[in-house]
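Thank you all for coming; I would like to walk through one model with you this morning. Please have the sequence and the structure open while I speak.

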Amino acid sequence: MLSDLAVNRFQYALTSGREMYRMINEKMRMSKTTIFNWLRRGAEFLVNCQEIIKLWLLKPGTTLYCDESWVDTKVTESNGEVHYKKRYMWVLVNLTTKVCYYLFGDRKKETIKDFLGDFKGTLMTDAYAAYLYFNKLKDCTHVCCWSHVRRIFVSASRDYSDSLADEFIELIGYVKIGSVLIDNNCCERAVRPFTNLRKSFGGFSSERGAKVAATYLTFVETCKLMVKAPLDFFRRFFDMIIDGRRDYALMTEALLVKPV
């Protein structure tokens, strides 16, 4: 049941209300709170495997594609005041190791800086200022997405009939350079399931809930990259948990097949 809840919520963006009605059709009754508690409990086990995904993601010598998207989240301030704030879901993709990682936090550079640490490889991003510090790292090559650059020239050509812009559009084109793609589109595609989820429920009622979503989405999108069914992954994983297994590294390798 937990596997179905996870897939319906985080792969198909089914709201908790629709999930409740689906269960009624199957002669089951479950409150929204119960659904959230089940998902939270499952995420507490999955987060251990998420650390293995992070190791694969940050493999030295590979290329990371990074993007982020906003989401309104209910937060509690130090003085006890409760209100909604804009938070961000960072999404990172490694096409070499075929993994995707969702990271919830604010949009300050410290969030991504602390996560990536001293990553040794290539990082592709848009031109957001938080990424500029990567230009100073010795063993990290920071490159920018030409797709974002191209949009500026497309706008100039379409909106202002700038003939010079057309020349730049043709020069940029869409080709591959070595082992690094010229654009960040693979990461933008990985962000889309989250934006669909955001449209269905509007925002998160807590930061803990946002982190739970990040955990499940990490595995849903990683399964897609590895051409595996997310539902099958969750079912096998939770079967292992029920059987008493807690060797998370071996479990992750067995279920996803560790990349070379």
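Trp38 is found in helix 3, where helices are DSSP runs of H or I with at least four residues, strands are runs of E with at least two, and both are numbered from the N terminus. This is a predicted model, in which local features need pLDDT of at least 70, side-chain atom pairs count only at pLDDT 80 or more, and totals for chains, interfaces and linings use all residues. Residues are numbered from 1 along each chain as its sequence is written, and side-chain values use heavy atoms, with hydrogens and water left out.

Is Trp38 buried or exposed? Trp38 has a relative accessible area of 39% and is therefore partly exposed, given that buried means under 20%, exposed over 50%, and partly exposed in between, with a 1.4 Å probe and protein chains only. Together with Met1 and Met28, Trp38 makes a nonpolar surface patch of about 270 Å²; such patches take residues with over 30% relative accessible area and no salt bridge, nonpolar side chains being joined within 5 Å and like charges within 9 Å. A salt bridge here would be a side-chain nitrogen of Lys or Arg within 4 Å of a carboxyl oxygen of Asp or Glu.

Trp38 is also among the residues in contact with Tyr216, as are Leu2, Phe10, Leu46, Phe234 and Phe238, once neighbours within four places in sequence are left aside; contact means heavy atoms within 4.5 Å. Tyr216, with Leu116, Phe234 and Phe237, has the most contacts inside the largest nonpolar core, which has 75 residues. Helix 3, residues 32–57, gives the most to this core, with 10 residues. A core in this sense is a set of buried Ala, Val, Leu, Ile, Met, Phe, Trp, Tyr and Cys residues joined through side-chain atoms within 4.5 Å.

Let me turn to the strands. Strand 2, residues 82–94, pairs with strand 3 in the antiparallel sense over 7 bridges, where pairing requires that DSSP finds at least two bridges. Cys100 in strand 3 is the bridge partner of Val93. Val99, Tyr101, Leu103 and Gly105 point one way from strand 3, while Cys100, Tyr102 and Phe104 point the other way, and all are buried.

The two strands form a hairpin with 4 residues between them, and Lys98 in the turn has a positive phi of about 60 degrees. Lys98 is partly exposed, at 46% relative accessibility. Ala13, in the loop between helix 1 and helix 2, likewise has a positive phi, of about 55 degrees, but Ala13 is buried, with a relative accessible area of 16%.

Technical notes
Areas by Shrake-Rupley, 256 points an atom, 1.4 Å probe, with all protein chains shown as cover.
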